[in-house]
Amino acid sequence: MSSTLSQQLAPVPPTIPAPPPVLDIRSLSAAQWKELTRANFMHVRGENMRKLDAAVEAYLADKQSVEAMDRMRKAFRDWAAHKYQQKKKTLVYPTDFNKPVKEQLWHDEPRNARGAMTALFKLLFTPELLALESGVSRMGAEELAAIAWWKGEIDKRACEIFKGQRLEFRLLTPGAPKVRISEAGDYPAQTIAGQIAALPATPATPGSMAQIGGAIRTGAGAALSYAKAGGAGETAELVDNAYSLGSGIAELAKGIEVSISAMAGVDDPHVAVTILSAMGLPSAAEIAGKMVPFFGGAVAMLKGGKELAQAVLAHRAANRVRGRQDRFREGAARQAVLGVGELLDDECKAKTKAGALHMVSGGTAVGLVFVDGGTVSGPAVGMAQLLAELLLLAAEYVEDYKHRNAVNKYLEEIAQAGTLDVGVELFKRSPLLGAYYLLIAETSSIIALSLDRINHPGVLQEIEGMVRQDLPEVLEKAADLVAASHLVVPGLLSHRLHSTKTKTTRAKEAAISAGTTVKNFFSRLASVACFRKNLGTNPPSDPRYVGFSSTEYFAQQDAAALTPSVSL
């Protein structure tokens with residue numbers, strides 16, 4: 001009895017309430033979200049809160065959208081910034097978000113009474129994501145995976161731009177603008193074409209040679225037949241002269257064709273046709289027909305085609321600017337872009353110097369085109385100089401011919417693979433393609449050059465400095481290279497990058513918007529990492545969010561082409 005009574009009188013231990021369930025924003029409906037963030041009747045949902053409601057509702061309706069995740073993060077930041085302003089403070093992002101939640105000025109807001117805003121904050125702004133947006137190191141696996149995904153998406157978008165494109169010679173592409181190596185003056189091939197066109201059909205000598213001016217440009221056989229059928233007044237001397245000139249023309253034409261083919265490393269006369277056409281010159285036979293009468297008997301001392309090729313290549317090798325080098329150093333992000341700039345600058349200098357490289361003295365020319373230097377004088381020296389300059393310039397076009405073939409094969413490979421490595425590999429393969437990409441791509445996509453170097457302290461400030469200070473100059477060099485190249489991408493001819501104002505426009509855009517561009521880039525990248533953290537997978541591919549789709553891009557360019565330009 002007493003035992004029972006004592007049990008009844010014993011103090012009852014207090015009941016420990018069960019911990020409240022962890023609030024998971026992802027499991028809510030839009031109505032539940034609004035209920036959890038409801039305040040008393042005195043607090044009307046203001047503009048920033050309504051925008052956050054819409055962003056949360058869009059995310060809950062489609063959790064597979066990284067854009068919705070990004071909108072939600074931006075809307076929360078705007079709402080929090082407004083709360084700081086109401087308390088006469090300024091939100092410093094991401095520094096203030098790195099503080100404990102209870103120390104943040106939005107934490108005691110009535111709408112957070114049930115912990116909904118805190119739960120949303122923890123979903124969207126983990127320490128790792130804030131570290132990513134701060135540009136500091138020690139990123140986790142999800143952040144590094146987000147960087148890899150972003151890079152892959154940019155590569156896909158770049159592939160769309162170049163898919164189905166080819167490099168072709170400028171002069172063989174209808175509608176291609178004139179090459180622009182300098183602001184004024186003809187480019188070298190034009191100069192040579194003008195000199196050839198200015199040569200008379202035959203030497204200004206009286207008598208028999210003037211009578212067969214047309215025939216001697218068609219080859220030895222035709223010239224001989226013409227002379228024999230010439231009628232009264234034709235002599236054996238006329239026939240001999242015509243035959244000799246015809247033979248010389250045929251030999252020189254063959255020598256030009258063989259030398260160009262030999263420089264290209266192929267045994268195909270059609271290569272010479274392509275190269276001469278790309279230079280804006282007539283056929284080898286027509287060129288020879290203009291030159292041979294001036295060579296006179298010295299035509300027999302001209303080197304053969306392969307010997308001419310060897311002499312030309314040796315001269316170029318001894319006098320050319322340094323070749324393309326590996327300009328890409330390991331280390332900081334900024335160095336990658338500087339390496340691109342140096343490479344593009346080298347290419348531009350090579351184009352500029354090539355314009356003067358083909359110009360040689362008469363003495364040098366004699367040594368290049370005649371066997372053992374030859375003993376010639378008068379008109380033959382002038383023709384030797386013109387021939388040497390023609391072949392030296394043709395050698396430059398041969399390099400472009402080889403590059404065109406290699407790049408077109410590369411473009412076919414990336415079209416099949418469905419991705420293009422937007423990084424140093426693109427610029428090593430083809431500085432020209434890299435230049436096109438720089439002038440086309442969004443600045444945020446150009447930052448992809450630095451993505452593999454992003455995981456070290458101070459990278460955000462470094463990339464902002466690169467975009468503001470270095471990128472404008474790199475874009476100007478890219479525009480110069482596109483303008484000076486003998487090759488074009490025909491599918492991009494309508495693009496503004498062929499405008500003389502492009503380099504100024506793009507450079508100014510990059511410099512003015514550098515800070516905003518870099519911050520937006522890291523914010524969007526953090527949204528991708530946030531998506532991965534919450535769903536465990538990469539977001540679906542979305543060209544509206546990362547890079548651009550080719551259809552959208554070209555539509556924008558077509559629209560821009562119809563808009564009157566405004567002077568800068």
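**Aromatic pairs**

I looked up the ring pairs in this predicted model and found 14 aromatic pairs in the structure. I took phenylalanine 76 and tryptophan 106 to begin with; their rings are edge-to-face, with 5.4 Å centre to centre and 90° between the planes. I noted where the two partners sit: phenylalanine 76 belongs to helix 4 (residues 66–86), while tryptophan 106 is in the loop between helix 4 and helix 5 (116–124). The pair therefore joins distant parts of the chain, 30 residues apart. I checked accessibility for each ring. Phenylalanine 76 has 0% relative accessibility and counts as buried. Tryptophan 106 also counts as buried, at 0%.

My next entry is phenylalanine 97 with phenylalanine 121, an edge-to-face pair at 5.1 Å centre to centre and 80° between the planes. Phenylalanine 97 is in the loop between helix 4 and helix 5, and phenylalanine 121 is in helix 5, so this contact ties together parts 24 residues apart in sequence. I found phenylalanine 97 and phenylalanine 121 both buried.

Which residues do the ring pairs link into a cluster? I listed Phe76, Trp79, Tyr93, Phe97, Trp106, Phe121 and Phe125. The two pairs above are therefore part of one cluster, since Phe76, Trp106, Phe97 and Phe121 are among its members. I also recorded a charge at one of the cluster rings: arginine 77 lies over the face of tyrosine 93, at 3.7 Å from the ring centre.

**Salt bridges**

Side chains of opposite charge can pair when their charged atoms come close. I counted 16 salt bridges in the model. One of them joins aspartate 53 to arginine 45, with the closest N and O atoms 2.7 Å apart. Is aspartate 53 buried or exposed? I read 6% relative accessibility for aspartate 53, so this residue counts as buried, the limit being 20%.

I then looked at two bridges that reach helix 17 (residues 379–417). Glutamate 412 and arginine 166 meet in a salt bridge at 3.7 Å, N to O. Glutamate 412 is in helix 17, and arginine 166 is in the loop between helix 7 (141–162) and strand 1 (168–169), so the bridge ties together parts 246 residues apart in sequence. Glutamate 412 is partly exposed, at a relative accessible area of 45%. Arginine 166 is partly exposed as well, at 37%.

The other bridge is between glutamate 168 and arginine 404, at 3.4 Å, N to O. Glutamate 168 belongs to strand 1 and arginine 404 to helix 17, so parts 236 residues apart in sequence are tied together here. I noted that glutamate 168 counts as partly exposed at 22% relative accessibility, whereas arginine 404 counts as buried at 13%.

I also found a network of salt bridges, which links Lys83, Lys87, Asp108 and Glu109.

**Cavities**

How many cavities of 30 Å³ or more does the structure hold? I found three. I noted a volume of about 50 Å³ for the largest cavity. Its lining consists of Arg170, Leu171, Val179, Tyr187, Ala278, Tyr397 and His486. I sorted these lining residues by type and got five nonpolar, one polar and one charged. The charged residue is Arg170 and the polar one is His486.

Conventions:
Residues numbered from 1 in each chain as written. Predicted model: local features only at pLDDT ≥ 70, side-chain atom pairs only at ≥ 80, totals over all residues. Heavy atoms only, no water. Phe/Tyr/Trp six-rings, centres within 6.5 Å; stacked < 30°, edge-to-face > 60°. Helix = DSSP H or I, 4+ residues; strand = E, 2+ residues; numbered from the N terminus. Buried < 20%, exposed > 50% of the residue type's maximum accessible area, 1.4 Å probe, protein only. Lys NZ or Arg CZ within 6 Å of the ring centre and 35° of its normal. Salt bridge = Lys/Arg side-chain N within 4 Å of Asp/Glu carboxyl O. 1 Å grid on protein atoms, 1.4 Å probe; cavity = no way out; pocket = protein on both sides within 12 Å on 5 of 7 lines; lining within 4 Å. Points joined across faces, edges and corners; volume = space filled by probe spheres on them.
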